[in-house]
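Colleague: I am new to this structure and should be grateful for a close look at one part of it. Please begin with a single residue and follow the connections outward from there.

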Amino acid sequence: MPDETLHLPLILSVLEREKDTPGALLPILHAIQEGLGYIPDAAVPEIAHALNLSQAEVRGVISFYHDFRTTPPARHILRLCHAESCQSMGGAQLAAQLREHLGLDDHGTTADGQVSLRPVYCLGACACSPALELDGQLHARLTPEGLRELVNRCLEDGTC
Amino acid sequence: MLTLCIPGDSIARAVGADEVAVALVREAERRNLPLELKRTSSRGLYWLEPLVELESADGRLGFGPVTSKDVPSLLDALQGDASAHPLALGPVEELPYLKSQQRLIFARAGITRPLSLDDYRALGGFEGLARVIGQSGEEIVASVLDSGLRGRGGAAFPAGIKWRTVREAKAAQKYVVCNADEGDSGTFADRMLMEGDPFLLIEGMAIAGVAVGASMGYIYVRSEYPQAAQTLRAAIDIAREAGYLGADVAGSGRAFELEVRVGAGAYICGEETSLLDSLEGKRGTVRAKPPLPALQGLFGLPTLVHNVLTLASVPVILARGAQFYRDFGMGRSLGTMPFQLAGNIRHGGLVERAFGLTLRELVEDYGGGTATGRPIKAAQVGGPLGAWVPPSQFDTPLDYEAFAAMGAMLGHGGVVLADDSLDMARMARFALQFCAEESCGKCTPCRIGSTRGVEVVDRLLAAPDDAARDEQVILLKDLCDTLTYGSLCALGGMTAYPVTSALKHFPADFGLKSSEADQ
């Protein structure tokens, strides 16, 4: 685990900026996750203190929403759409292909921390199903070959 | 000088619009060809994306779907006989798919640049807001009431009644909240509108704020739509700079501010009360009603909550009059609805038409049947909580009441088509599992019933004989009844739609003879 105290300056500056915003907790969590890639444990007491909430309330909110992570993310995040529109265009087969290709379950992360799978429910690309989002970028009209190529590119990415 | 338009819409980009744009600029430079490239919104003719349009004396000429490999030949054709190119579609506005539509909300789709105020104003933008400046809140509310506009998010509640309730509520602070948490599979109209015509939503919200006496508005956008949030934020800054937002909205003397908030991947936050809790910085838990959000909404204060499409319908109603708007539609479903064709469909895209056309016209005439060319099995109308409608019921008119009468709903107007290879038992199980994953946990039928439902479907599919199957079918139907009548909100309350419709129309997928499922 990284030394989380290194994250405190960013956390405190986010809190300083946002603490008086009405309904500040989601904007704060988004800002921390955007800055650090995840919401470290060390952020919880700071947020609770700044917003006059209990730590349990803050943790409750973090765990309620699918988007918030409490551990550092993999280098690449691949979010395949699992919704009905994509399923009607072979989404389930693509999901199976991904699991096999990477040897992971639907929510898994490769041992080297290179790729994480995060199923998503609808990317709004339903007129061009199936679709996925890779590191924030959308790809639609996905084919099995196209998917294999995207995954291989992530696995071979030597920048890490 | 060539002027070409190519959409900057996120789905056009997901199928290669950016690559085509870059290739066009490079190739034009190489040829020393003066080129102006405009990044517009999308027409919503998604099967043709990336759709490149040439501005010409005869209107816009379309080419699509274009890949970067097609760029050299396309530029050859554009310098000579454009209509000879194999991807040439002719004048885009003459395409039957588009020409037969009645676009009131999406009047500017594919034509304007999303963040150009001049483009927006050139095609009727801010006329609705200009019209209300001299009017009292009561007059504005009367127009919305008279138009017959109903909430486009799914519940179809008369919008004017909500407006009146919020207007008459006494409070120092009121809010307008736009529900842009478009989570339903098969729907993308909100996304298209926010990315493509953000000023329309801003105008609709400003009118609403002025009418009900709210000085603050929030747009709650789902996190899966980052481009929509980014476009809206930029548009809000531009609109504020131009005096359409702020302390004195368009010279009305009334204040209205707007802020974008981003969700965090919880489907339930599309339910209005859980959205309000989420905006307040809490878990997105559903609230019991009453109290109505119109009286005790955001931070306990009177709040007008509407879907994107409802608010985006407001400017045209004010600009052209309630009567103009209510001349579209049938029965109590008045105005136009942007239907969205998705899933296994040849011509996926957005079809804005008055209520009353049939599902068959939508799926077959516009959609052109399945993309795979296999027979149609069913269409799921209204998102993941909508019923699977078999082709035998496709002649039902798209009207809130007609759909309710056959145990289905229009919802947000999304239609997902499926061919005969889709296993409906698996889809029924998926619906229950989805409910289990997305339940906020507040009420028991939804929190526990959904998980039990998945187990019952599993047991039904594994049952060794007819007697065992019968037992599970009875249990499943009973459970669906409990979900329908015992849940606090629509998530639990409507999860039964896809399950019972699949069971009723496709018993064979569950290993049942038709008589068993009919019991």
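**From one salt bridge to the interface between the chains**

Modeller: Asp420(B) counts as partly exposed, its relative accessibility being 34%. This value, like the others below, is computed from a predicted model. The partner of Asp420(B) is Arg374(B), with which it forms a salt bridge whose closest N and O atoms are 2.7 Å apart. Asp420(B) belongs to the loop between E16 and H17 of chain B, whereas Arg374(B) belongs to the loop between helix H15 (359-366) and strand E14 (376-381); the pair therefore ties together parts of the chain that are 46 residues apart in sequence. Arg374(B) is likewise partly exposed, at 43% relative accessibility.

Other salt bridges offer a comparison. A search of the whole structure finds 44 of them over all chains. Elsewhere in chain B, Glu257(B) and Arg240(B) meet through their side chains in a salt bridge of 3.0 Å, N to O. This pair also links distant parts of the chain, with Glu257(B) in strand E8 and Arg240(B) in helix H11 (residues 226-241), 17 residues apart. Glu257(B) is partly exposed at 25% relative accessibility, and Arg240(B) is partly exposed at 33%. A further salt bridge joins Arg31(B) to Glu27(B), the closest N and O atoms being 2.9 Å apart. Here the two partners fall into separate classes: Arg31(B) is partly exposed, with a relative accessible area of 22%, while Glu27(B) is buried, with 12%.

The question of what holds chain B against chain A follows naturally. The count of salt bridges between chain B and chain A is 0. Polar contacts, however, are found there: 26 residue pairs across the interface meet the rule, both residues being at pLDDT 80 or more. The two elements on either side of the loop of Asp420(B), strand E16 (414-419) and helix H17 (424-438), are among those that give two or more residues to the side of chain B that touches chain A. The others are helix H1 (10-14), strand E7 (216-221), strand E8 (257-262), helix H12 (272-279) and strand E12 (336-343). H17(B) supplies the largest share of this side, 6 residues. By class, the side comprises 30 nonpolar, 17 polar and 12 charged residues.

As for its extent, 59 residues of chain B are in contact with 37 residues of chain A. Together the two chains bury about 3500 Å², 59% of it on carbon and sulfur atoms. Ala264(B), Arg283(B) and Phe430(B) supply 16% of the area that chain B buries against chain A, more than any other three residues.

Chain A brings a group of cysteines to this account. UniProt, in an unreviewed entry, lists Cys81(A), Cys86(A), Cys122(A) and Cys126(A) under "binding site". These residues span 46 positions in sequence, yet no two of their C-alpha atoms are more than 9.7 Å apart, so they gather at one spot.

Two of the cysteines can be followed across to chain B. Cys122(A) is placed in the loop between strand E2 (115-117) and strand E3 (132-134) of chain A, and Cys126(A) lies in the loop between E2 and E3 of chain A as well. Both are buried: Cys122(A) has a relative accessibility of 1%, and Cys126(A) has one of 3%. Leaving aside neighbours within four places in sequence, Cys122(A) is in contact with Cys81(A) and Ala83(A) in chain A, and with Gly183(B), Asp184(B), Ser185(B), Gly186(B), Arg222(B) and Glu224(B) in chain B. With neighbours up to four places away again left out, Cys126(A) touches Ser85(A), Ser185(B), Gly186(B), Thr187(B), Phe188(B), Ala342(B) and Gly343(B). Ser185(B) and Gly186(B) thus appear among the contacts of both cysteines.

In brief, the path runs from the salt bridge of Asp420(B) with Arg374(B), through H17(B) and its share of the interface, to the cysteines of chain A that UniProt lists as "binding site".

Methods: Residues numbered from 1 in each chain as written. Chains lettered and ligands numbered in written order. Predicted model: local features only at pLDDT ≥ 70, side-chain atom pairs only at ≥ 80, totals over all residues. Heavy atoms only, no water. Contact = heavy atoms within 4.5 Å. Buried area = accessible area lost by both parts, 1.4 Å probe. Salt bridge = Lys/Arg side-chain N within 4 Å of Asp/Glu carboxyl O. Polar contact = N/O pair within 3.5 Å; in protein donor to acceptor, adjacent residues only side chain to side chain. Helix = DSSP H or I, 4+ residues; strand = E, 2+ residues; numbered from the N terminus. Nonpolar A, V, L, I, M, F, W, Y, C, P; charged D, E, K, R; others polar. UniProt positions renumbered as here; feature names shortened; annotations may be inferred. Buried < 20%, exposed > 50% of the residue type's maximum accessible area, 1.4 Å probe, protein only.
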